[in-house]
Amino acid sequence: MEDSARILVIEDDVDINDVVAASLRKTGYVCVQAFSGSEARLLLKTAAAEGEAPFDLVITDLMLPGASGEELVRAIRANSDAPVIVVSARSDAADKVALLKLGADDYLTKPFDLDELHARVAVQLRHAARGAGRAAGVLRFKDWTLDPEARTLAAAGEPVKLTRLEFGIVEALVRRPKKVFTKRELFEAAWHEECFVEDKAVNVHVSNIRGKLRASGTDAYIETVWGIGFKLAE
């Protein structure tokens, strides 16, 4: 899937958009360009309505005319598991945390190196392909039921919508319910990739999972082991 992946590039700076798209096309990706949030919304809506191939990955700026990057991430996450890479001049840790909570998969600060962007795109597409192709039977832990093939979680009988990485974290915990995972181990078990994110990012993902589980009363299933990481409650 990687070489022919369909990528939506959302950036209102024409020069940056053109450079990113041209660079990705040279690698073999199919790139669709949007120069505003409203244009991106239209492209996403049109693709869904006309049954076109969905976007395999989205790269978006935050400061966009018509609709902000935050709004787009929220809209994409409501309908798709496609990886979202945010590229922005905003470098505050709070901004990164907020985007991760919304469902973004990665965050790259401007100015950025095109080689680094290519590496992050390749990693996200590789993980998405692994997730789509992973086969396994239904997994259960207390009031949780996970279906790795369908990538669904039900908590106390109610469906819980998780991002791809959030599901991978829960799956990793359930597959080894007695293990205490360090944050690095948990990330690597969920993504099958060497950890390249800060511990703080893993904390954000786990916090996000707990928030989504709160309504089912099962958020306490994930315990914090202070100074180490996380485990499932006995």
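Select β3 and strand β4, residues 84-88, in this predicted model. The two strands pair in the parallel sense, over three bridges. Now find V58 in β3: its bridge partner in β4 is V84.

Stay on β3 and add β1. This pair is parallel too, and β1 and β3 share four bridges. Pick L8 to see one of the links: its partner in β3 is V58. V58 therefore turns up twice on this tour, once with L8 and once with V84, where a bridge is part of what DSSP counts as pairing.

Next, show the side chains of β3. Which way do L57 and I59 point, and which way do V58 and T60? L57 and I59 point one way from the strand, while V58 and T60 point the other way. All four are buried. Why the switch from one residue to the next? In a regular strand, side chains alternate between the two faces of the sheet.

**A small stop: the cavity**

The whole structure holds two cavities of 30 Å³ or more. Go to the second largest, with a volume of about 50 Å³. Select its lining: V9, I10, E11, I16, V20, I59, T60, D61, V87, F112 and L117. Which elements give two or more residues to this lining? They are β1 (6-10), α1 (14-27) and β3 (57-60). Colour the lining by residue type. Eight of the residues are nonpolar, one is polar and two are charged.

**On to the cores**

Now move to the largest nonpolar core, which has 29 residues. Select W144, L146, L153, V174, L186 and I222, the members that touch the most other members. Then colour the elements that each supply at least two residues of this core: β6 (139-141), β7 (144-147), β8 (152-155), α6 (164-175), α7 (183-191), α8 (199-213) and β12 (229-232). Which of them gives the most? It is α6, with seven residues.

Zoom in on L186. Leave aside its neighbours within four places in sequence. L186 is then in contact with I169, A172, L173, F181, V206 and F230.

Another core lies apart from the largest one. This other core has 18 residues, including I10, A40, V73 and L99. I10 is a residue to recognise, as it also lines the second largest cavity.

**Zoom out**

Show the whole protein chain. How many helices and strands does the chain have? There are eight helices and twelve strands. Of its 234 residues, 48% are buried. Finally, take the contacts with a separation of 6 or more: residues 24 or more positions apart account for 59% of them.

Terms used
Residues numbered from 1 in each chain as written. Predicted model: local features only at pLDDT ≥ 70, side-chain atom pairs only at ≥ 80, totals over all residues. Heavy atoms only, no water. 1 Å grid on protein atoms, 1.4 Å probe; cavity = no way out; pocket = protein on both sides within 12 Å on 5 of 7 lines; lining within 4 Å. Points joined across faces, edges and corners; volume = space filled by probe spheres on them. Nonpolar A, V, L, I, M, F, W, Y, C, P; charged D, E, K, R; others polar. Core = buried A, V, L, I, M, F, W, Y, C linked by side-chain atoms within 4.5 Å. Buried < 20%, exposed > 50% of the residue type's maximum accessible area, 1.4 Å probe, protein only. Contact = heavy atoms within 4.5 Å.
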